[in-house]
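Please open the model in your viewer and display the protein chain with its molecular surface. The tour below proposes one selection after another.

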Amino acid sequence: MVSREDKRAALHEKLQLLRSITNSHAVNKTTIIVDASKYIAELKQKVERLNRDISAAQSSNHQNLLPMVTVETLDKGFLINVFSDNSCPGLLVSLLEAFEELGLNILEARVSCTNSFRLQAVGGEDDEQNESIDAQVVKRAVLQAIKNWSENGDQQE
């Protein structure tokens with residue numbers, strides 16, 4: 001049989017796990033749960049925004065030809081997602097050049113170019129850079145790189 005102390009220790013452990021997952025700095029149970037609730041609401045908003053982006057991209061024929069782009073702000077950098085149903089030969093080079101021009105260091109990346117194009121990258125600002133970059137600047141630079149790539153005929157049908 002589980003003792004009261006064991007139950008209390010298990011609850012404390014689970015609250016500490018919840019606190020770490022939600023990046024809460026709270027110390028009491030109620031505040032940890034309130035922070036977790038806020039975190040869940042933020043995640044729901046992100047899902048809704050991404051679903052809207054996907055719907056908008058799918059509803060437009062022009063967008064179906066060009067890759068879909070999302071950029072999210074992280075604690076120290078950005079999460080950049082680029083997706084297309086087409087393989088997009090040459091696009092990766094254009095995107096990496098755009099990141100370099102922004103002074104954005106790619107800290108981690110996953111890329112697939114086989115039957116479709118998918119890039120998921122975590123980028124951080126160059127420490128030597130004086131100006132701060134925001135997510136909209138990164139997204140505009142990525143979209144411009146895609147536009148330049150498509151206009152220069154780098155892609156193959």
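With the whole surface displayed, the accessible area of the protein chain is about 11,100 Å², and 49% of that area belongs to carbon and sulfur atoms; such areas are computed by the Shrake-Rupley method with a 1.4 Å probe, and for residues only the protein chains shown count as cover.

This is a predicted model, in which local features need pLDDT of at least 70 and side-chain atom pairs count only at pLDDT 80 or more, while totals for chains, interfaces and linings use all residues. Residues are numbered from 1 along each chain as its sequence is written, and side-chain values use heavy atoms, with hydrogens and water left out.

Next, colour the chain by pLDDT, the predictor's confidence in each residue on a scale from 0 to 100. The average for the protein chain is 85, and 87% of the residues score at least 70. Among the elements, select helix α1 (residues 4-21) for the highest mean, 92, and then helix α3 (residues 61-65) for the lowest, 52.

Switch to a cartoon view: five helices and four strands appear. These are DSSP runs (helices H or I, at least four residues; strands E, at least two), numbered from the N terminus.

Now select strand β2 (residues 77-84). Six of its eight residues are buried, so the strand is largely enclosed by the rest of the structure; buried means under 20% relative accessible area with a 1.4 Å probe, protein chains only.

Add strand β1 (residues 68-74), which pairs with β2 in the antiparallel sense over seven bridges; pairing requires at least two DSSP bridges between two strands. A hairpin of two residues joins β1 to β2, and T70 stands opposite N81 in β2.

Finally, add strand β4 (residues 117-125), an antiparallel partner of β2 over seven bridges. Here V82 stands opposite L119 in β4.

Methods:
Buried < 20%, exposed > 50% of the residue type's maximum accessible area, 1.4 Å probe, protein only.
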